[in-house]
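The following exercises concern local backbone geometry, a helix, a metal site and the arrangement of domains. Each task is followed by a worked solution.

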Amino acid sequence: MTVLGIETSCDETSAAIVRDGKLLSNVTATQFFHAKYGGVVPELASRAHQQRIVPIVQEALSQADLTKAELDGVAAVYGPGLVGSILVGLSFGKAMALGLGVPFIGVNHMEAHILSNLIEEPQPDFPFINLTVSGGHTQLVLVKNPFDYQILGETKDDAAGEAFDKVAKMLGIGYPGGPLIDRYASRGNRSFVKFPRPYLEEGSLEFSFSGLKTSVLYYLKRIGFNSAQRKVMELNPEGLDEFLSDICASFQAAVVDVLVDKTTLAARRFGVRDVAIAGGVAANTELRERMRQAGEYFGLRIFIPKFDYCTDNGAMVAMVGFLKMQKGRTSSLELTAEPSLELT
Ligand code: KG4
Ligand code: ZN
């Protein structure tokens, strides 16, 4: 069974082919031009998806050495995400399925992030705990089986990736903030400023990053940092680089401490040995390292997809499409985009 998966929920146009559970190709075009606006501009994102969707799908077929006539199903994300962006991939996927006379499979983007852990070996055994950390979500889930999820905790305000992006903006270092903060933090001192760790009530599996973000803002205000000029008093370029590295390391340490502690707590509370992380923030160097260390300490097996399958990608959509099709869970062509779709 060969399934094409299409992802266009935000600023990545991506297509991939899965045949019998094995990934044959995954082609992604990232819309880097949003950087100059300091965030994703929805209208421009949809237009770019329109321009790229045909060549990206053709490239995914070509890299898999297949023609479209060999597809048994077409899967596309129908939410959550930016409605105009989702509509491009969803409408394209439905039209392609209709044209080829094969089933269409609507895919929940959050479910796809979780099951990105099934793209490559080794894979977690069910049940496993998954932490999805992306630009739009921070969610701890008990994954009992594919399609059977229990949400254990979510963010009450900003998503982890959103906090990275906003702090990067305050520091004037660019967009998207996650990879940039990650790079600065690698050279910084994580104890430079002791930012608060938002654990909430004792034993809580919920998250909140907005207060931490505000602490960074107040700290920068207090010392007179100007994000437009990226000047702290009279620092020379090396001094500025060191300062930014220390702030990034201190902020990142606070986020990672909370993510790692709550995820391992969930695993211990539910008696689960396998723990996975997914989503764009799972690309974070410190988070990956600290999860592995915590895994060793608590005797947990840690699974982290490779970078290409952490950020938005078609491979995870094709994989969910394949699994759903195997179980006969295909969708109607009347399926509409759901920008606020939840994991159920
Ligand atoms: O999953 P994703 O590609 O898109 C969404 O579904 O949101 O995640 C994007 C988010 C952005 O907020 C970005 O700053 C963050 O993932 N991100 C990172 C890193 N790489 C991407 N955050 C921290 N460290 C990274 N290395
Ligand atoms: Zn995502």
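**Exercise 1. Classify aspartate 20 as buried or exposed, and describe its backbone.**

Solution. Aspartate 20 has a relative accessible area of 52%. The classes are buried (under 20%), exposed (over 50%) and partly exposed in between, with a 1.4 Å probe and protein chains only. Aspartate 20 is therefore exposed. Its place is the loop between E2 and E3, where helices (H or I, at least four residues) and strands (E, at least two) are DSSP runs numbered from the N terminus. Phi of aspartate 20 is positive, near 50 degrees, although the residue is not a glycine.

The model is predicted: local features need pLDDT of at least 70 and side-chain atom pairs pLDDT 80 or more, whereas totals for chains, interfaces and linings use all residues. Residues are numbered from 1 along each chain as its sequence is written, chains are lettered from A and ligands numbered from 1 in the order in which they are written, and side-chain values use heavy atoms, without hydrogens and water.

**Exercise 2. Test whether the end-to-end distance of helix H1 agrees with its number of residues, then describe its course and surroundings.**

Solution. Step one is the expected span, which is 1.5 Å times one less than the number of residues. For the 22 residues of H1 (residues 42–63) this gives 32 Å, and the end C-alpha atoms are 29 Å apart, which agrees.

Step two is the axis. H1 has a kink of about 45 degrees at arginine 52, shortly before proline 55; the bend is the angle between axes fitted to the seven residues ending at a residue and the seven starting there.

Step three is the environment. Among the buried residues of H1 are His49, Ile53, Ile56 and Val57. Their cover includes strands E1 (2–7), E2 (12–19) and E3 (22–30) and helix H2 (83–100), contact being heavy atoms within 4.5 Å.

Step four is the residue aspartate 65, which follows H1 and has a positive phi near 60 degrees. Aspartate 65 lies in the loop between H1 and strand E4 (73–79) and, at 68% relative accessibility, counts as exposed.

**Exercise 3. Which residues coordinate the zinc ion (ligand 2), and which parts of the chain does the pair of histidine 109 and aspartate 312 tie together?**

Solution. The zinc ion (ligand 2) is coordinated by His109 (NE2), His113 (NE2) and Asp312 (OD) at 2.0 to 2.1 Å. Donors are N, O and S atoms within 2.8 Å of the metal (3.2 Å for Na, K and Ca); water is not among the atoms, so sites may look incomplete. Along the chain, the donors follow the spacing H-x3-H-x198-D. Histidine 109 belongs to helix H3 (residues 109–115) and aspartate 312 to the loop between helix H9 (307–310) and helix H10 (314–326), so the pair joins parts 203 residues apart in sequence. Histidine 109, at 7% relative accessible area, is buried, and aspartate 312, at 13%, is buried as well.

**Exercise 4. Locate the cis peptide bond between tyrosine 175 and proline 176.**

Solution. Omega of this bond is about -10 degrees. Proline 176 is in the loop between helix H4 (160–171) and helix H5 (177–185) and is partly exposed at 40% relative accessibility.

**Exercise 5. Into which domains is the protein chain divided?**

Solution. Domain 1 comprises 2–115 + 309–326 and domain 2 comprises 124–304, with bounds from an automatic or database domain assignment. Their C-alpha centres lie 27 Å apart. The contact takes 15 residues from domain 1 and 18 residues from domain 2.
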